[in-house]
Amino acid sequence: MTPPEPIPHWPGELITLDRGHQVYVRSTPEKNGQKEAAQKEAAQKEAALCIHGLAGSSRNWTDLIDLLRPRLACEALDLPGFGDSPPRPDHRYSIAALAQTVEALIEKQADENQANQVHLIASSLGGAVAVKLAAARPDLVKTLTLISPALPDPRPHLDQVHFAVISLPGVGPRLLRKYDALPPRNRVADVITTCFADPAGFPQARFATEVAELARRDTLDHATAALVGTIRTLTGDFFRRGRHAAWRDAARITAPTLVIYGSNDRVVDPRLAGRAARAFANSKIVVLPRTGHLAHMEHPVQVAAEITAMLDAAAVKTREFPLAPAG
């Protein structure tokens, strides 16, 4: 039986933040004004923002956004230097800098939509960014969903070694240039094999789109700098004495939190679920079976169900324990 064709990726646009800083943001048609009735319906939904992982893009969230549409008005951004977003004007790729970008976007959208908080949904590198933001600005985050978040792991694994080598001055760009000499088709297949428990489940139509997108990124001057810069900041978080800071940030988060790991994740060790359970105070930890690093792409139905259950539980708690006005 032939599998159904995947839905098209959501449309998007460049949004200007402060000082000429721009990010590309995709959203469902309701937020792009296709129909007046749909716009009114979207205005009644709570806002959500999705943040992709290393070398990913807003396209990674297409299927999950579709499943969450009945409940949430979702947007997905391309982090600076990735997807269709240009680099930050200061060319910084630290976790703190990326969190500043997300913070500025949320505040801008809040001013336009009168929505003070968002449901933050993030994967891998995006998870580290979301933890930083949720700890520093709890007023902006209503709930937090982390999918295989890239938080420091004391157990060494191969990716940490690769990242350390790529972070070496002069070495990283040279290695990446050699890797980039491989055909885009081979590199996309390598990522899917690494990030999916069942690579055969990746739709062929999406595969062709990712190959074309990678070929386009090969022509961009900032593509390698964005990748190396982000890998360096992750490596710094993993190996320097500040490696525990991310977990301390996690302990400061007050928003209801859902953390999802994949049992077959080759990038983020699912055994970190235990540490996540201890670190996040108001949380539910889930390990999905037969799932790799990108649960929202490999098993979007299960991820959407877990997010919906968290939203339902959070809504019940809000009704039972409403915040009393000051004084």
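Buried means under 20% relative accessible area, exposed means over 50%, and partly exposed lies in between, using a 1.4 Å probe and protein chains only. The model is predicted, so local features need pLDDT of at least 70 and side-chain atom pairs count only at pLDDT 80 or more, while totals for chains, interfaces and linings use all residues. Residues are numbered from 1 along each chain as its sequence is written, and side-chain values use heavy atoms, with hydrogens and water left out.

**Exercise 1. A helix and its surroundings**

Find helix α4 (residues 125–136) and work out which of its residues are buried.

*Solution.* Start with the element itself: helices (H or I, at least four residues) and strands (E, at least two) are DSSP runs, numbered from the N terminus. Next, check the length. The expected span of a helix is 1.5 Å times one less than its number of residues. For the 12 residues of α4 that gives 16 Å, and the end C-alpha atoms are 17 Å apart, which agrees. Now go through the accessibility: the buried residues are Leu-125, Gly-126, Gly-127, Ala-128, Val-129, Ala-130, Val-131, Leu-133, Ala-134 and Ala-135. Because 10 of the 12 residues are buried, α4 is largely enclosed by the rest of the structure.

**Exercise 2. Two serines with positive phi**

Where do Ser-124 and Ser-148 lie, and are they buried or exposed?

*Solution.* Take Ser-124 to begin with. Ser-124 sits in the loop between β5 (118–123) and α4. Its phi is positive, about 55°, although the residue is not a glycine. With a relative accessible area of 9%, Ser-124 is buried. Then turn to Ser-148, found in the loop between β6 and α5 (158–167). Ser-148 is not a glycine, yet has a positive phi of about 45°. Its relative accessibility is 1%, so Ser-148 counts as buried.

**Exercise 3. Following salt bridges**

Which residues do shared salt-bridge partners join into one network with Glu-213 and Arg-216?

*Solution.* Begin with the rule: a salt bridge is a side-chain nitrogen of Lys or Arg within 4 Å of a carboxyl oxygen of Asp or Glu. By this rule the model has 19 salt bridges. One of them joins the side chains of Glu-213 and Arg-216, at 2.7 Å from N to O. Both residues belong to helix α8 (residues 204–217) and are three residues apart, about one turn of the helix. Glu-213 is buried at 12% relative accessibility, whereas Arg-216 is partly exposed at 30%. Through shared partners, the network also takes in Arg-26, Arg-59, Asp-84 and Glu-210.

For a pair that links distant parts of the chain, look at Glu-46 and Lys-142, whose side chains meet in a salt bridge of 2.6 Å, N to O. Glu-46 is in strand β3 (residues 46–51) and Lys-142 in strand β6 (residues 141–147), 96 residues apart. Glu-46 is partly exposed, at 36% relative accessible area, and Lys-142 is partly exposed too, at 34%.

**Exercise 4. A strand pair and its crossover**

How many bridges join strand β7 to strand β8?

*Solution.* Two strands pair if DSSP finds at least two bridges between them. Here six bridges join β7 (residues 257–262) to β8 (residues 283–288), and the strands run parallel. Gly-262, for example, has Leu-288 in β8 as its bridge partner. Finally, trace the connection: the chain passes from β7 through helix α11 (residues 272–279) to β8, a right-handed β-α-β crossover. Right-handed means that, with the strands pointing away from the viewer, the path from the first strand over the helix to the second runs clockwise.
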